[in-house]
Amino acid sequence: MASSLRGEVLNLYKNLLYLGREYPKGADYFRSRLKAAFLKNKDVNDPEKIKQLIARGEFVIKELEALYFLRKYRALKQRYYSDD
């Protein structure tokens with residue numbers, strides 16, 4: 001059981017690293033915060049708590065995707081529509 005959760009945690013970390021490349025404050029800022037968040041919870045052994053943390057990470061992924069989509073939408077809107 002622990003190995004399957006380990007795989008999920010690693011995939012979550014990789015996905016977040018990938019999404020962090022376009023973070024508005026910079027990739028380095030995002031990477032340092034991400035690493036700190038994962039290191040803070042490295043000693044958690046309870047499978048239920050790990051699942052909760054994974055769910056929270058997946059929520060963060062959805063929020064980041066929404067942020068990027070909204071930013072792209074605003075950029076397109078500014079290009080094609082005037083503020084008048």
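Trainee: What is the relative accessible area of Arg 31, and how is Arg 31 classed?

Mentor: This is a predicted model, in which local features need pLDDT of at least 70 and side-chain atom pairs count only at pLDDT 80 or more, while totals for chains, interfaces and linings use all residues. Residues are numbered from 1 along each chain as its sequence is written, and side-chain values use heavy atoms, without hydrogens and water. Buried means under 20% relative accessible area, exposed over 50% and partly exposed in between (1.4 Å probe, protein chains only). Arg 31 has a relative accessible area of 40%, so its class is partly exposed.

Trainee: Which residue forms a salt bridge with Arg 31?

Mentor: A salt bridge (a side-chain nitrogen of Lys or Arg within 4 Å of a carboxyl oxygen of Asp or Glu) involves Arg 31, with the closest N and O atoms 2.8 Å apart. The two residues are separated by about one helical turn because they are 3 residues apart in helix α2. The partner is exposed, with a relative accessible area of 57%. That partner is Asp 28.

Trainee: How far apart are the closest N and O atoms in the salt bridge of Arg 71 with Glu 22?

Mentor: This pair links distant parts of the chain, Arg 71 lying in helix α3 and Glu 22 in the loop between α1 and α2, 49 residues apart. Arg 71 is partly exposed at 37% relative accessibility, and Glu 22 is partly exposed with a relative accessible area of 37%. The closest N and O atoms of Arg 71 and Glu 22 are separated by 3.6 Å.

Technical notes:
Helices (H or I, at least four residues) and strands (E, at least two) are DSSP runs, numbered from the N terminus.
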